[in-house]
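Colleague: I'm new to this one and would rather start with one spot than the whole thing. Could you take me through it slowly?

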Amino acid sequence: MWVNSKEAAAILGVNNKSVEKAAFRAKKADKKFCSIRYQNLYFEYIDGRGGASGKILQIWIDDEITAAHNVSDKEGSLREIE
């Protein structure tokens, strides 16, 4: 599924700036994939509105990665309740 850089950073467990830097380095090298914590992820900048010329960074994350993140979040929230 397509997510923005903040959501991707939360799912992958890294800083948002790390995600942006990885995408910037890949774009500078004319690549369509960036590598973040041993994950090769497809990214693209789409037109939006606002600052930075309206560019929005979107990253494709496989459903397996998001499902694993959701399971770990649920387990963490259950531990907090207990």
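Let's look closely at one residue: is Asp30 buried or exposed, and what is its relative accessible area?

Modeller: Asp30 is exposed, with a relative accessible area of 73%. For the wording, buried means under 20% relative accessible area, exposed means over 50%, and partly exposed is in between, using a 1.4 Å probe and protein chains only.

Before going on, keep in mind that this is a predicted model: local features need a pLDDT of at least 70 and side-chain atom pairs count only at 80 or more, while totals for chains, interfaces and linings use all residues. Residues are numbered from 1 along each chain as its sequence is written, and side-chain values use heavy atoms, with hydrogens and water left out.

Back to your residue. Asp30 sits in the loop between α2 and β2. Its phi is near 60°, a positive value in a residue other than glycine. That stands out because most residues other than glycine have a negative phi. Helices here (H or I, at least four residues) and strands (E, at least two) are DSSP runs, numbered from the N terminus.

Now step back into the helix that leads there. α2 has 13 residues and spans 18 Å from its first C-alpha to its last, close to the 18 Å expected at 1.5 Å a residue; that expected span is 1.5 Å times one less than the number of residues. Its buried residues are Asn16, Val19, Ala22, Ala23 and Ala26. They sit on the same side of α2, because they cover an arc of only 130° around the axis, the arc being that of the directions from the helix axis to the C-beta atoms. As a rule, an α-helix has 3.6 residues a turn, so residues three or four places apart point the same way. Phe24, Arg25 and Lys28, on the other side of α2, are exposed.

So what covers the buried residues of α2? The cover includes α1, β2, β3 and β4. Take α1: its buried residues are Ser5, Ala8, Ala9, Ile11 and Leu12. They fall within an arc of 165° seen down the axis, so they line one face of the helix. Ser5 has a relative accessible area of 10% and touches Asn16, Val19, Glu20 and Leu57, leaving aside residues up to four places away in sequence; contact means heavy atoms within 4.5 Å. Gly13, just after α1, takes a positive phi of about 75°.

On the other end of your loop is β2, which pairs with β3 in the antiparallel sense over four bridges; two strands pair if DSSP finds at least two bridges between them. Ile36 has Gln39 in β3 as its bridge partner. The hairpin of β2 and β3 has two residues between the strands, and Arg37 there has a positive phi near 50°. β3 also pairs with β4, antiparallel over six bridges, with Phe43 opposite Ile59 of β4.

Those last two names come back in the largest nonpolar core, meaning a set of buried Ala, Val, Leu, Ile, Met, Phe, Trp, Tyr and Cys residues joined through side-chain atoms within 4.5 Å. It holds 17 residues, and Cys34, Ile36, Phe43, Ile59 and Ile61 touch the most other members. α1, α2, β2, β3 and β4 each give two or more residues to this core. Val19 of your helix is among the residues that Ile59 touches.

How far can you trust all this? pLDDT is the predictor's confidence in each residue, from 0 to 100. Confidence is highest in α2, at a mean of 92, and lowest in α3 (residues 63-81), at 60. Over residues 77-82 the pLDDT is below 50, and that stretch has zero contacts in the model beyond near neighbours in sequence. Where pLDDT is low, the predicted coordinates should not be read in detail.
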